[in-house]
Amino acid sequence: FTMRMKEMKNKELWNIERLPRILSTRTEYGKDVEEAAHSQEEEGSLHAANTAISGMQEKGQDCETAGKKIYAVTGAFGHLGNTIVRALLKRGERVRALALPGDACSSLENRDSGQLEIFRGDVRDPDTMDAFFRREEESQVLAIHAAGIVTIASDVKPIVYDVNVNGTLNVIRSALRQRVASFLYVSSVHALPVGKDLRVIREFSAPEDFQPELVEGGYAKTKAAATRLVLEAAREGLPARVVHPSGIIGPWDEGGGNHLMEMIRSYLNRKLPACVRGGYDFVDVRDVAEGCIDALEKGRPGECYILSNRHYDMKEILRMLGQISGIRRACPALPLKLAAVGVPFCEWNARRKNTKPLYTQYSLRVLRSNDKFSHEKADRELGYHPRDLYDTLKDTVKWMASSGMLKKADSLSFAASEK
């Protein structure tokens, strides 16, 4: 009975007919976006929330004000977020970086630069977002929404839904109110309905294409729901683009939230007992960061862009790590079915140690899923060209060693030999 009730609740949560109503409901903080939403409830669009903004635009208050640019980046202390901030600062741009109160990213916080403003706030708080996207006189704001919770859990925890879906809704509404000049949402390839065959996976750009019930896993469902909201907003006039990164790895994961980065660190610290057969499309976080900026500036409003690389087998990744670090330790590869048997123990051990499990049933399904993602559109329109993963891993190992993440860093050889 309990399982049946849980299944019914899950179906209700992800009912695609119910999803658009999120646009006119209250957030956790209990505050409606626009007073217009009280008087004009139109399901399935942002029209009610955008009424006041439309009136401003009719009076000639154009959102693309000539003058200086401010890049507003949410999730700025996350792996991708802080890499985007670094790339923007390197280009000489001014950045307003949103980070949660209490979150730390020493490499950004210790920068003595007038280019960077660290703004403490939460995407779940509409008032925070209004202040974050607020324009200064004779300036325009270009928004990159990279905040989100990545999880390999099969179910959806309330906080994941609240941040990934409701948080995105708050960001959309504030971006409309503050009339941002350009908007980019960082979705995921997991939001794409890939089907059961092995066809090449390309972009979708219609809101109706993103249906949470067509994807597996709590994270994928929240990203599909949020992507739909962004594309609905694009139809209503938000100058929004969407990018779909594949599996991100690379240096500067200071928060430690990337599961693959945890596996790499475990291997380099000689604590990884085994890996799992299978693989996925993995891409350098720096290439994704550059792709995000290029999509914001060059991408077409209402369009989506896949930022992927190619398939890499897990054994291939460990082989390259061994070659780079000089570690010659054999790491057995477990068949997926055998690994699945160990999931309950893996999750129990993670709870006992208050850490994240190395893998779950959902992550095992991902490793055997279709990952034939095409980044041809991003290549053609954005000039996107991802690097070879060997170079990514080489830089990652050096960064981990220099950051004190490796217990025996002095024993690593950092072999410079080619593949």
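The following exchange covers the nonpolar cores and salt bridges of a predicted model.

Biologist: What do the numbering and the cut-offs rest on?

Modeller: Residues are numbered from 1 along each chain as its sequence is written, and side-chain values use heavy atoms, with hydrogens and water left out. Since this is a predicted model, local features need pLDDT of at least 70 and side-chain atom pairs count only at pLDDT 80 or more, while totals for chains, interfaces and linings use all residues.

Biologist: Which helix gives the most to the largest nonpolar core?

Modeller: A nonpolar core is a set of buried Ala, Val, Leu, Ile, Met, Phe, Trp, Tyr and Cys residues joined through side-chain atoms within 4.5 Å; buried means under 20% relative accessible area, exposed over 50%, partly exposed in between (1.4 Å probe, protein chains only). The largest has 75 residues, of which Phe 133, Phe 183, Leu 238, Ile 264 and Leu 393 touch the most other members. Helices (H or I, at least four residues) and strands (E, at least two) are DSSP runs, numbered from the N terminus. With nine residues, the top contributor is helix α8 (residues 218-235).

Biologist: Which residues is Leu 238 in contact with, leaving aside its neighbours within four places in sequence?

Modeller: Contact means heavy atoms within 4.5 Å. With those neighbours set aside, the partners of Leu 238 are Ile 172, Ala 175, Leu 176, Val 180, Phe 183 and Ala 233.

Biologist: How many salt bridges does a search of the whole structure find?

Modeller: A salt bridge is a side-chain nitrogen of Lys or Arg within 4 Å of a carboxyl oxygen of Asp or Glu. Some are linked in a network, made up of Lys 68, Arg 94, Arg 96, Glu 117 and Glu 136. The search of the whole structure gives 22.

Biologist: How many residues apart in sequence are the parts tied together by Arg 91 and Asp 294?

Modeller: Arg 91 and Asp 294 form a salt bridge, with closest N and O atoms 3.4 Å apart. Arg 91 lies in the loop between α4 (79-90) and β2 (94-99) and Asp 294 in helix α10 (residues 285-298), so the parts they tie together are separated in sequence by 203 residues.

Biologist: Is Lys 377, the salt-bridge partner of Glu 303, buried or exposed?

Modeller: The side chains of Glu 303 and Lys 377 meet at 2.6 Å, N to O. Glu 303 lies in the loop between α10 and β10 and Lys 377 in helix α15, so the pair ties together parts 74 residues apart in sequence. At 11% relative accessibility, Lys 377 counts as buried.
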